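What follows is a guided reading of one protein chain, beginning with the annotated positions and moving outward to the fold as a whole. Please keep the sequence and the coordinates in view while reading.

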Amino acid sequence: MASKLIAPSVLAADFANLQRDVEMINNSDADWFHIDIMDGVFVPNISFGMPVLRDIVKHATKTIDVHLMIVDPDRYIKTFADLGSNILTVHYEACTHLHRTLQAIKAEGMKAGVAINPHTNVSLLEDTINDIDLVCIMSVNPGFGGQSFIENTYKKVQQLKEIIVRNNASTMIEIDGGVTNKNAKQLVDAGADVLVAGSYVFKSENPIETVKGLKEIIG
Ligand code: DX5
Ligand code: ZN
């Protein structure tokens, strides 16, 4: 199994010092940039959009992992491909024709991800699992950084891992929300491959050391 990955969430960065924070991720042991796009409709918050992502991509030297918390994501697949997204994750709850959306993401040369809200059962992904490169299990209700981790997530990771193995799929499992040094080990032990961490990294005194600590914990 490849090593486990850390994806700092730029949502928790200082937007008046965005280049500094992007360089921090470049210079850290982090693996991916996690980019949260919120539309104020699918979730009760608006984050940032295309111009900000364009400028992040200009400076970032690592994989760009975009998490769309928007309704009707099909409208923007090409836009995010053109901006330089490597992975594009849509919400299960926002897609009427998920299978079609996944194919459209891949046709634009990106990896296709599906995020599921805390109330969405992983079994709903059984029929598309071989088409999904990454499942993002939300361990908080999407919309805000800095929320508390939902403990039921461990069980969901185990159940999803069983589905992946049963279908001989190569899908990665990403965990998003409330990740800290307290739950990181248990999450990877349950089967997680990628941990997103926003506040825990950016609000710490030394983010580079915090990322390093997380990488050491997950091995
Ligand atoms: C929540 C976002 C998360 C968030 C994580 O809607 O999808 O990516 O930025 O932030 P923390 O790690 O602070 O919970
Ligand atoms: Zn996210």
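In this model, which is predicted, Asp36 is found in strand β2, the strand formed by residues 32–38. With 24 other C-beta atoms within 10 Å, where 20 or more are required, Asp36 counts as buried. Leaving aside its neighbours within four places in sequence, Asp36 is in contact with Ser9, Leu11, Ser47, His67 and Met69.

Asp36 is paired in the annotation with a residue far along the chain, since the "active site" feature of the unreviewed UniProt entry covers Asp36 and Asp176. Although these positions are spread over 141 residues of sequence, they cluster in space, with a largest C-alpha distance of 10.4 Å. Asp176 has its place in strand β7, which comprises residues 172–176, and is likewise described as buried, with 25 other C-beta atoms within 10 Å. Not counting residues up to four places away in sequence, Asp176 touches His67, Cys136, Met138, Ser139 and Val196.

His67 appears in the contact list of Asp36 and also in that of Asp176. This histidine lies in strand β3, residues 63–69, and is buried, with 27 other C-beta atoms within 10 Å. Beyond the residues up to four places away in sequence, His67 touches His34, Ile35, Asp36, Ile37, Thr89, Ala115, Cys136 and Asp176. The "binding site" annotation, again from the unreviewed UniProt entry, covers His34, Asp36, His67 and Asp176. These positions span 143 residues in sequence, yet no two of their C-alpha atoms are more than 10.4 Å apart, so they gather at one spot.

Which residues come nearest to ligand 1? Of the 22 residues around this ligand, the nearest are Ser9, Pro142, Gly145, Gly198 and Ser199. The elements that give two or more residues to this shell are β2, β8 (194–197) and α7 (199–202). By residue class, the shell around ligand 1 divides into nine nonpolar, eleven polar and two charged residues.

Helix α1, residues 18–27, offers a view of how a helix is set against its surroundings, and here Asp21, Val22 and Ile25 are buried. These residues cover an arc of only 100 degrees around the axis, which puts them on the same side of α1. On the other side of α1, Gln19, Arg20 and Asn27 are exposed. The cover over the buried residues of α1 includes β1 (5–8), β2, α2 (50–59) and α7; β2 and α7 are also among the elements that give two or more residues to the shell around ligand 1.

Towards the end of the chain, Glu216 has its place in helix α8, residues 207–218. Glu216 is exposed, with 11 other C-beta atoms within 10 Å, the limit for that class being 12 or fewer. The C-alpha atoms of Glu216 and Ile25, which are 191 residues apart along the chain, are separated by 16 Å.

Turning to the whole chain, the secondary structure comes to eight helices and eight strands. The radius of gyration is 16 Å, close to the 17 Å that the globule rule gives for 219 residues, so the chain is as compact as a globular protein of that length. Along its principal axes, the C-alpha trace spans about 45 × 35 × 30 Å. Buried residues make up 45% of the 219 residues, and among contacts with a separation of 6 or more, 66% are accounted for by residues 24 or more positions apart.

Definitions and conventions. Residues numbered from 1 in each chain as written. Chains lettered and ligands numbered in written order. Predicted model: local features only at pLDDT ≥ 70, side-chain atom pairs only at ≥ 80, totals over all residues. Helix = DSSP H or I, 4+ residues; strand = E, 2+ residues; numbered from the N terminus. Rg over C-alpha atoms; globule rule 2.2 N^0.38 Å. Contact = placed C-beta atoms within 7 Å. UniProt positions renumbered as here; feature names shortened; annotations may be inferred. Near = placed C-beta within 6 Å. Nonpolar A, V, L, I, M, F, W, Y, C, P; charged D, E, K, R; others polar. Arc of directions from axis to C-beta.
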